[in-house]
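Work through the exercises below with the structure open beside you, and try each task before you read its solution.

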2 protein chains.
Amino acid sequence: MHPYKDVLSKSALFHNITQSDLAPMLSCLGAQINRYRKHSPIYLEGDAAQTVGVVLSGSVQITKEDYSGNRSILAVVATGNLFAEAYACAGEQVLPISVFAAEDSDVMRIDCRKIIDTCPSVCAFHKQLIRNLLQILAEKNILLNRKLEVVSQRTTRDKLLVYLSGESKKAPGQPFSIPFNRQELADYLGVDRSAMSTELGKLKREGILDYHKNIFRFLS
Amino acid sequence: MHPYKDVLSKSALFHNITQSDLAPMLSCLGAQINRYRKHSPIYLEGDAAQTVGVVLSGSVQITKEDYSGNRSILAVVATGNLFAEAYACAGEQVLPISVFAAEDSDVMRIDCRKIIDTCPSVCAFHKQLIRNLLQILAEKNILLNRKLEVVSQRTTRDKLLVYLSGESKKAPGQPFSIPFNRQELADYLGVDRSAMSTELGKLKREGILDYHKNIFRFLS
DNA sequence: TCCGATTTGTTGTAAATCCAACGGACTAAA
DNA sequence: TTTAGTCCGTTGGATTTACAACAAATCGGA
């Protein structure tokens, strides 16, 4: 009985893999589990990137030092999610980021080469694992492309319109909600919150957009 | 003898696959080759994304319509390279982009499910194919992350410093070249060329950076 | 060498953005 | 009800950027 089977079976990496198959698979993969105290490093910038991390409990922070030495938090990875998967899968990479435990956390690490080099006789579920990994990378790719499209817009107005029209595309003309408050939206768009607020006000006054809190609707 | 074996064996998707293995592999994958006239569509926005494309000859353009209906070119894919791979691998995706032949072009398409669902008895090289696909996605991921970090900087100065210090990291203090001219660099950073030129001049006058054409060096 | 085309740097002005500060609306706890 | 905290919109001034136009430098043939 694996202590983390509930977390793992909900994780995208182990999607469509039955709980009973988890334990033998993990031993086949040589998965290593470690506990990290809050603030202690899991990976450091410059490390060789060979293993993908899975957060089993707690959460971790992806951080990076900029050219002037300021450390900033790029992302927080919650329980059940992966980190460093792109670097581990690309092979021969040096990590450009560091990972720290945001709280006391358990982390499982798997060597990506073990995932890729299937052992056809033993592990029938390797194939599913590879499929999942491919899907995770592909979906992240799509997310990054989408964000890049938004932040590449030159003006706050265009960033808002590109982001919001994208969110609205599933049901044009209908109200839709966004998963951000104003500050988070401003951070996502890479603009100042107050300037964004002003621009939202303009769009509303011009009759292009209506909104209340995080519910938006295009008036076209 | 496959007519495109030289192009294919140089393509990242078929890296480490011998030319003699190409033909049986392609037939096993159900690869389809079509010729497209200049400007004719290969994929249209809204299509179901199931196949990854490989440019066998010529080149293709990735385009997208923005919220106001303007079509812009996001990328040009040269001979030997892939397109739509992320959407094809993510499964159940609708394409948010269109692809047109930039010139008369031959394009091969492969159903991603055929790549993922290995046929262990027949194709020993499926494994290598999957490894390559994973690596392509992972590397693209890293590139997108890197670009996103640059473009997310608020000021032109910071965008320049983040980009250039990243390029300089391989050999700190040494001169390094960049693969862009000024206009291309400005496009990559998402800023105005002349404003960027001004900012570069400031950095030089402040003694932070020296450059000549596309050779740069940090003076730290 | 000379010419035309392209690339790069410079400048001034208009416009957009950032920044800091503040006030109102709302919420939750005391 | 009061109070403290958070979120959101607004404002004004300082800064930054875009834009357009032009000058200087560079490059590749003829």
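**Exercise 1: a residue with positive phi**

Decide whether A:Ala84 is buried or exposed, and describe its place in the chain.

Solution. In this predicted model, we begin by counting neighbours, and we find 24 other C-beta atoms within 10 Å of A:Ala84. A residue is called buried if 20 or more such atoms lie within that distance, and therefore A:Ala84 is buried. Next we locate A:Ala84 along the chain, where it lies in the loop between strand E7 (82-83) and helix H3 (85-90) of chain A. Finally we look at the backbone, and here phi of A:Ala84 is near 65°, which is a positive value in a residue other than glycine.

**Exercise 2: another loop residue**

Decide whether A:His39 is buried or exposed, following the steps used above.

Solution. The count for A:His39 gives 11 other C-beta atoms within 10 Å. Since the cut-off for an exposed residue is 12 or fewer, A:His39 is exposed. A:His39 is found in the loop that joins strand E1 (32-36) and strand E2 (41-43) of chain A, and its phi, near 80°, is positive although the residue is not glycine.

**Exercise 3: the contact between the chains**

Describe the side of chain B that touches chain A, beginning with how many residues each chain gives to the contact.

Solution. Chain A and chain B each bring 33 residues to the contact. On the side of chain B, helix H3 (85-90), helix H5 (126-151) and helix H6 (156-168) each supply at least two residues, and the largest share, 17 residues, comes from H5(B). Sorted by character, the residues on this side of chain B are 18 nonpolar, eight polar and seven charged.

Note on methods:
Residues numbered from 1 in each chain as written. Chains lettered and ligands numbered in written order. Predicted model: local features only at pLDDT ≥ 70, side-chain atom pairs only at ≥ 80, totals over all residues. Helix = DSSP H or I, 4+ residues; strand = E, 2+ residues; numbered from the N terminus. Contact = placed C-beta atoms within 7 Å. Nonpolar A, V, L, I, M, F, W, Y, C, P; charged D, E, K, R; others polar.
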